[in-house]
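User: I would like a close look at one part of this structure, with the surroundings explained as far as they help. Please write for a first-year student.

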Amino acid sequence: MNAAIEAEGLRKSYSDHHALNGVNLSVAAGTVLGVLGPNGAGKTTTVRILATLARPDSGRAVVAGHDVLREPREVRRRIGLAGQYAAVDEQLTGRENLVLLGTLLRLGKQGARDRAAELLARFELTDAADRLTRTYSGGMRRRLDLAACLVSSPPVVFLDEPTTGLDPSSRATLWRMIRDQVASGVTVLLTTQYLEEADVLADRIAVVDHGVVIAEGTPDELKRKVGAEWLEVTVAHGRDLSAAASALSCVAAMPPREAAGGKSFSVRLPDGMGAVATAATALETAGIEIAGFALRRPSLDDVFLHLTGQEHS
Amino acid sequence: MNGVLVDTTALIGRHLLHLRRTPTRILGVTLTPLTMVLVLGYMLNKAISVRGGDYLGYMMAGVGAQVALACVGSIAIGTATSLRNGLVDRFRSLPTSRGAILVAHTVSDLGLAAIGICIASIVGALLGWRPDTGVLSIAAGFGLLLLFTYVMLWFGLLLGLSVRSPEALGALSGLVLVCGSFLSNAFVPLDGLPGWLRVVAEWNPISAVSSACRQLWGGPMSASTGSVVSEHPLPAALVMLAVIAAVTVPLSCRAYHAAEPR
Ligand SMILES: Nc1ncnc2c1ncn2[C@@H]1O[C@H](COP(=O)(O)OP(=O)(O)O)[C@@H](O)[C@H]1O
Ligand SMILES: [Mg+2]
């Protein structure tokens, strides 16, 4: 396997606080790794080390074939970075932002202009191209930021929380655009606090917490790790809740878990459709009026709860 | 080498666009010195007397130095702000020479300062300031002021990279402006200062630069105390500026390389 990003034992401390405690990552060329973790997990620190902006206290990282510590310039030639805050120059227009970057990336005067026009069109910013970016919405800024990190068509791209703080529709637009980029064979490392985002965009997910990778795999593998399917049962009347739960305790693999609201609970079922049928029959026999009966695959929220023992907020 | 030039030019272009969009920045570095010209040079000109000439001729050097001091706060706040919003990270992640980024920033702010010094000098000339030492000498005085400004800009860069908080820098830049202007002979001869303060003010580089400018422009001088700085202000100023640059330039570059947004 040809890894475009490889990190081994990255550690970094700020005064007495350990931001990274030995991060290991490997991203195959042309794939997307989602680094998923709560606030303060060490996502930004990892990205900044891989993008040559910070030095690790120890550990080793190779990006696009070059060591980040020994050949930072070579690495910088091959990466695009969209940091946690949309880094656009507010006093320039969208077009001026991109042309400046194109010039700095040695595309030449005309080359920089052509590339800017192309990216503005691709990110649906042509109409706003000649407005100061100060007047852009959050979603437009993010799109420009994404365009900015693609000016030189880098083979490796880092996106640090690309949709944090956006409304759902801007987020969906950005997801679509990120997916279009990925289709062109770029290697992407993106960080996110949204489980859904990692699920939608990433080929593999690394879950980080307290500066270490606590789990790694495809979204499906992670879900499987947490266990089989959950049955979510909602009763019509709150008073039937405990009766329903005890009716199902014979088929459940684990004690039922009550959800907030007092009318629903979920049980972990053993594999196979037979269990679902048995459960339905058990409720039927007990004569309980059921408002909802749904089979749910574990979400990444469950993955997180399972791995860290903490609710993910 | 050619590439560094392309980068620097492109980045200077960026700062010039900023200046075109917020021309009030010129006001920011010109307002205080201009007020000094009008209040001290016009309203109080006759009230303040200096040995061997007109007070306006004495203070114009100080006004020039004050433009440089106003630039310190301006560049420091600009740097701290771009550190905060992630722009510094974007530029640092490019294969661009990092020197080009800092040189472009300081050179464009030097242009801003030059505009400020021009405005203050024209107003001074309207009020009757007439340096009469010949074109070369007068130009050398302005050259020294620009050199001083350039060194102060690197100092401001370092300040911005170390302090980080635009709010704190706002307060600090006021302090730099006032302390620099009045703990030196920029506006008031040092004769009246108490002993120890006088020594401090005398060795203040701003005093050396102001005195050297007065010498080059033929203005009235502060009384000499016999110390090296007051006897030979021009060489003293050049040595001091070289020392400050030798400290601030490498420190700023290092701070920029290691900058962590917070
Ligand atoms: N420049 C810094 N100085 C001190 N502490 C920092 C700095 N940057 C990050 N940290 C700390 O390191 C930890 C990891 O931070 P970060 O990588 O930003 O997490 P994330 O991006 O996952 O939210 C946090 O506890 C944070 O407070
Ligand atoms: Mg972060």
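Analyst: The part chosen for this close look is helix α6 of chain B, which covers residues 135-163. The model is a predicted one. Helix α6 of chain B has 29 residues, and from its first C-alpha to its last it reaches 41 Å. That span is close to the 42 Å expected at 1.5 Å a residue.

What follows α6(B), and what is the sign of its phi? The residue is Arg164(B), and its phi is positive, near 75°. Most residues other than glycine have a negative phi.

Chain A offers two further cases of this kind. Arg106(A) has a phi near 65°, a positive value in a residue other than glycine. Arg106(A) belongs to the loop between α3 and α4 of chain A, and it counts as partly exposed because its relative accessibility is 46%. Ser153(A), also a residue other than glycine, has a positive phi near 50°. The place of Ser153(A) is the loop between α5 and β7 (156-160) of chain A.

The next step is to set the helix in its chain. A UniProt annotation from an unreviewed entry, "domain: ABC transmembrane type-2", covers residues 24-259 of chain B. Over residues 24-259, chain B is 77% helix and 0% strand. The end C-alpha atoms of this stretch are 29 Å apart.

Beyond Arg164(B) comes helix α7 of chain B, at residues 166-182, and this helix contains Glu167(B). Which residue meets Glu167(B) in a salt bridge? The partner is Arg84(B), with an N to O distance of 4.0 Å. Arg84(B) lies in helix α3 of chain B (residues 55-84), so the pair ties together parts that are 83 residues apart in sequence. Glu167(B) counts as exposed because its relative accessible area is 53%, whereas Arg84(B), at 42% relative accessibility, is partly exposed.

A second salt bridge of chain B leads out of the chain. Asp89(B) and Arg48(A) meet through their side chains, at 2.9 Å from N to O. Asp89(B) sits in helix α4 of chain B (residues 87-92) and Arg48(A) in helix α1 of chain A, so this pair joins two chains. Both Asp89(B) and Arg48(A) are buried. Together with Arg92(B), these residues are linked in a network of salt bridges. Side chains of opposite charge can pair when their charged atoms come close. Over all chains, the count of salt bridges comes to 20.

Another of these contacts lies within chain A. Arg176(A) forms a salt bridge with Glu124(A), and their closest N and O atoms are 3.3 Å apart. The two residues come from distant parts of the chain, 52 residues apart: Arg176(A) is in helix α6 (residues 168-183) of chain A, and Glu124(A) is in the loop between α4 (109-122) and α5 (138-148) of chain A. Arg176(A) is partly exposed, at 38% relative accessibility, and Glu124(A) is partly exposed as well, at 44%.

Helix α1 of chain A, which holds Arg48(A), also takes part in a metal site. The magnesium ion (ligand 2) is coordinated by Thr44(A) through OG1 and by Gln84(A) through OE1, at 1.9 to 2.3 Å. These two residues are 40 residues apart: Thr44(A) is in helix α1 (residues 43-50) of chain A, while Gln84(A) is in the loop between β6 (79-82) and α3 (94-104) of chain A. Thr44(A) counts as partly exposed, at 24% relative accessibility. Gln84(A) is partly exposed too, with a relative accessible area of 24%.

Back in chain B, a nonpolar patch lies on the surface. The patch is formed by Leu38(B), Val39(B), Tyr42(B), Met43(B) and Leu44(B), and together they have about 490 Å² of accessible area. Tyr42(B) is found in helix α2 of chain B, at residues 24-43. Is Tyr42(B) buried or exposed? Tyr42(B) counts as exposed because its relative accessibility is 60%.

Leu20(A), in strand β2 (residues 17-28) of chain A, provides the contrast: at 1% relative accessibility, Leu20(A) counts as buried. Chain A as a whole has 313 residues, of which 52% count as buried.

Notes:
Residues numbered from 1 in each chain as written. Chains lettered and ligands numbered in written order. Predicted model: local features only at pLDDT ≥ 70, side-chain atom pairs only at ≥ 80, totals over all residues. Heavy atoms only, no water. Patch = residues over 30% accessible without salt bridge, like charges linked within 9 Å, V, L, I, M, F, W, Y side chains within 5 Å. Areas by Shrake-Rupley, 256 points an atom, 1.4 Å probe, with all protein chains shown as cover. Helix = DSSP H or I, 4+ residues; strand = E, 2+ residues; numbered from the N terminus. Buried < 20%, exposed > 50% of the residue type's maximum accessible area, 1.4 Å probe, protein only. UniProt positions renumbered as here; feature names shortened; annotations may be inferred. Donors = N, O, S within 2.8 Å, 3.2 Å for Na, K, Ca; no water. Expected span 1.5 Å × (residues − 1).
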